[in-house]
Amino acid sequence: MELSTPLAFVLLISGLWSIMVWPVFLKRVLKDPQARDASGAPTRFLTTNLMMISTAIIFALATAVIGVRGLLG
């Protein structure tokens with residue numbers, strides 16, 4: 001399957017955007033008081049968000065790689 005240049009460019013931009021946005025969200029989650037309980041242990045809030053963010057970053061990297069490969073041919 002071959003991607004057109006505009007579609008590959010959209011995938012690349014989408015992947016890069018997600019790679020830039022999710023780490024900022026992670027920083028906010030880590031600073032949130034709900035992230036740790038009174039003893040400092042991680043809560044379900046933190047665990048759930050870490051899983052969501054890591055999955056989103058993996059998909060973002062894959063999307064960006066597909067975009068680059070589409071641009072390179």
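With a relative accessibility of 72%, leucine 72 counts as exposed. Leucine 72 sits in helix α2 of this predicted model, and its C-alpha lies 9.1 Å from that of threonine 5, although 67 residues separate leucine 72 from threonine 5 in sequence. That pairing makes a handy way into the fold, since helix α1 covers residues 5-31 and helix α2 covers residues 44-72.

So how do the two helices pack? Two packed helices are described by the angle between their axes and by the distance between those axes. For α1 and α2, the angle comes out at about 160 degrees and the axes are 7 Å apart. An angle over 145 degrees counts as roughly antiparallel, and α1 and α2 are therefore roughly antiparallel to each other. Their crossing is left-handed. Sorted by class, the residues in the contact of α1 with α2 are 25 nonpolar and eight polar, with no charged ones.

Back on helix α1, proline 6 is a residue of that helix and, with a relative accessible area of 56%, is exposed. Looking along the chain from there, leucine 26 is 20 residues away from proline 6, and the C-alpha atoms of the two are separated by 31 Å.

Alanine 64 gives a view of the packing from helix α2, where this residue is placed. Its relative accessibility is 8%, so alanine 64 counts as buried. Setting aside residues within four places in sequence, alanine 64 is in contact with Leu11, Leu12, Gly15, Leu16 and Ile19. As for the start of the chain, methionine 1 is 63 residues from alanine 64 in sequence, with 17 Å between their C-alpha atoms.

Asparagine 49 is another residue of helix α2. Is this asparagine 49 buried or exposed? At 10% relative accessibility, asparagine 49 counts as buried, because the cut-off for that label is under 20%. What does its side chain reach? The side chain of asparagine 49 gets to the backbone oxygen of phenylalanine 45, at 2.8 Å. Apart from residues up to four places away in sequence, asparagine 49 touches Phe25 and Val29.

That leaves the link between the helices. Alanine 35 is placed in the loop between α1 and α2, and with a relative accessible area of just 1% alanine 35 is buried. Neighbours within four places in sequence aside, the contacts of alanine 35 are Val29, Leu30, Ala41, Pro42, Thr43, Phe45 and Leu46. Among these, Val29 is a residue that alanine 35 contacts and that asparagine 49 touches as well. Phe45 also turns up twice, as a contact of alanine 35 and as the residue whose backbone oxygen the side chain of asparagine 49 reaches. Phenylalanine 9, by contrast, is 26 residues from alanine 35 along the chain, and the C-alpha atoms of phenylalanine 9 and alanine 35 are separated by 36 Å.

Terms used:
Residues numbered from 1 in each chain as written. Predicted model: local features only at pLDDT ≥ 70, side-chain atom pairs only at ≥ 80, totals over all residues. Heavy atoms only, no water. Axes fitted to C-alpha atoms, helices over the stretch in contact; angles between N-to-C directions. Helix = DSSP H or I, 4+ residues; strand = E, 2+ residues; numbered from the N terminus. Parallel < 35°, antiparallel > 145°, perpendicular 65-115°, else oblique. Left-handed = near helix turned anticlockwise from the far one by under 90°. Nonpolar A, V, L, I, M, F, W, Y, C, P; charged D, E, K, R; others polar. Buried < 20%, exposed > 50% of the residue type's maximum accessible area, 1.4 Å probe, protein only. Polar contact = N/O pair within 3.5 Å; in protein donor to acceptor, adjacent residues only side chain to side chain. Contact = heavy atoms within 4.5 Å.
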